[in-house]
Amino acid sequence: MTKYDVIVIGGGAAGLSGAQALVRSRRSVLVIDDGSPRNAPADGVHNFLTRDGVPPREIYAIGRQEVQGYGGEFVDGTVTTARRDEEGFTVELADGTTYRSRRLLVTTGLTDVLPDVPGLAERWGKDVVHCPYCHGWEVRDQAIGVLATSPMALHQVQLFRQLSDDVTLFLHTAPELADEQWEELAARGISVVQGKVEQLEVTGDRITGVRLEGGKVIPRQALAIQTTVRARAGFLADLGLEATLVEANGVEVGTAVQVDGMGATQIPGVFAAGNVASPMAQVMPSAAAGLMAGAGINFDLISEETRLAVAARSS
């Protein structure tokens, strides 16, 4: 069985960037990808300099070609488990195939858990959005709603108010607002609707409104939501590595794999980058994190090779 220097699990921006850094350092690399990137529903990637608006799959296809041009290899599949022994790591795919490597780079991203409101999932990544930097320009000057399911909605609604004069906050299941918060919303001209949201109203291929319990419909053209994110890292359990809770300003954001500045996890030889380690990162910082992790792995391998070379020379 071929033993690679590095297996990269996940073929998005972080994984491809890390793989490119490694193959350009003459490392043997295998990228295993299940073909389901987090941003697959989006029409284009934004705030990625020189690639603004390019569909995600087009960016990843170009990245694959670049990595392959330096000798990197690819396998389509889903990793179900990873194990370690004295000689390195073995990863097993859902079909039972196994591959071996000296190091692992985990870039599997995360899963967005959407609020339980009928109609959201079907419009996700279109006119149901979450990030003003990813999708805000595309809904500018529209009638935007913000569905409040956590205190983070107050931060989010102010960001979307920068993009439109017509913004409505639906309190839905969020905690009751403080007097100061009501004042801030009023000062910015943000409407507030109390009561739970029952479902989205969709006509043709567009959102037309938000229906409240009781039947009242508030016309809207786009809806911003807060998701809870879950790191796609269950296959690391046999290595003793689990995702941990991440909070922002006391609010649960989701889970992530903890890493240092070079992407190293608590398990020697296992690195992670991108959304699996940094839930809030967009495509460009995810790619940068992949590059840093690739550099970290390369130096880690060099340190090991140097130590072995010194031992061999001394024997």
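## A buried serine

Let's start with one residue: Ser-286 is buried, with a relative accessible area of 7%. That value comes from a predicted model. Ser-286 counts as buried because its 7% falls under the 20% cut-off for that word.

Where does Ser-286 lie? It belongs to helix 7, which covers residues 283-314. Leaving aside residues up to four places away in sequence, Ser-286 touches Ala-14, Gly-274, Asn-275 and Ala-281.

## The parallel sheet

Now for the strands. Strands of a sheet pair through backbone hydrogen bonds, either parallel or antiparallel. One open sheet here has 5 strands in the order 8-15-9-10-11, and the pairing is parallel. At its edges you'll find strand 8 (128-129) and strand 11 (191-193), each pairing on one side only.

Take a look at strand 8 and its partner. Strand 8 is joined to strand 15 (residues 222-224) by 2 bridges, and the two run parallel. Here Val-128 stands opposite Leu-223 in strand 15.

This sheet also has a helix lying across some of its strands. Helix 5 (residues 152-161) lies across strand 8, strand 9 (144-147), strand 10 (167-170) and strand 15. Relative to strand 10, helix 5 runs at about 170 degrees.

## The antiparallel sheet

Another open sheet is built from 3 strands in the order 12-13-14, this time with antiparallel pairing. Why is one side of strand 12 (197-203) and of strand 14 (217-219) left without a neighbour in the sheet? Both stand at the edges with a single partner strand each, so there is no neighbour on the other side. From one strand to the next, the twist averages 30 degrees.

Strand 12 and strand 13 (residues 206-212) run antiparallel and are joined by 6 bridges. If you want a pair to find in the structure, try Thr-203, which stands opposite Arg-206 in strand 13.

## A hairpin

Strand 17 (residues 244-248) and strand 18 run antiparallel too, with 5 bridges between them. Leu-245 has Thr-255 in strand 18 as its bridge partner. The two strands make a hairpin with 2 residues between them, and in that hairpin Asn-249 takes a positive phi near 55 degrees.

How much of strand 18 (residues 251-256) is buried, and what follows from that? The count is 5 of its 6 residues, so strand 18 is largely enclosed by the rest of the structure.

## Two helix pairs

Two packed helices are described by the angle between their axes and the distance between the axes. Helix 1 (residues 13-23) and helix 2 (residues 56-69) pack at an angle of about 15 degrees, with their axes 9 Å apart. Helix 1 is therefore roughly parallel to helix 2, and passes helix 2 in a left-handed crossing. On the helix 1 side the contact uses Ala-13, Leu-16, Ala-19, Gln-20 and Val-23, which meet Tyr-60, Gly-63, Arg-64, Glu-66 and Val-67 in helix 2. Sorted by class, that contact has 6 nonpolar, 2 polar and 2 charged residues.

Helix 5 has a helix partner as well. Its axis and that of helix 6 (residues 179-187) come within 11 Å and cross at roughly 15 degrees, which means helix 5 is roughly parallel to helix 6. Helix 5 passes helix 6 in a left-handed crossing. Leu-154, Val-157 and Gln-158 in helix 5 meet Gln-181, Glu-184 and Leu-185 in helix 6. The residues of this contact divide into 3 nonpolar, 2 polar and 1 charged.

How values were computed
Residues are numbered from 1 along each chain as its sequence is written. This is a predicted model: local features need pLDDT of at least 70, side-chain atom pairs count only at pLDDT 80 or more; totals for chains, interfaces and linings use all residues. Side-chain values use heavy atoms; hydrogens and water are left out. Helices (H or I, at least four residues) and strands (E, at least two) are DSSP runs, numbered from the N terminus. Buried means under 20% relative accessible area, exposed over 50%, partly exposed in between (1.4 Å probe, protein chains only). Contact means heavy atoms within 4.5 Å. Two strands pair if DSSP finds at least two bridges between them. Axes are lines fitted to C-alpha atoms, for helices over the stretch in contact, and angles run from 0 to 180 degrees between N-to-C directions. Angles under 35 degrees count as roughly parallel, over 145 as roughly antiparallel, 65 to 115 as roughly perpendicular and the rest as oblique. A crossing is left-handed if the near helix is turned anticlockwise from the far one by less than a right angle, and right-handed if clockwise. Ala, Val, Leu, Ile, Met, Phe, Trp, Tyr, Cys and Pro count as nonpolar, Asp, Glu, Lys and Arg as charged, and the others, Gly among them, as polar.
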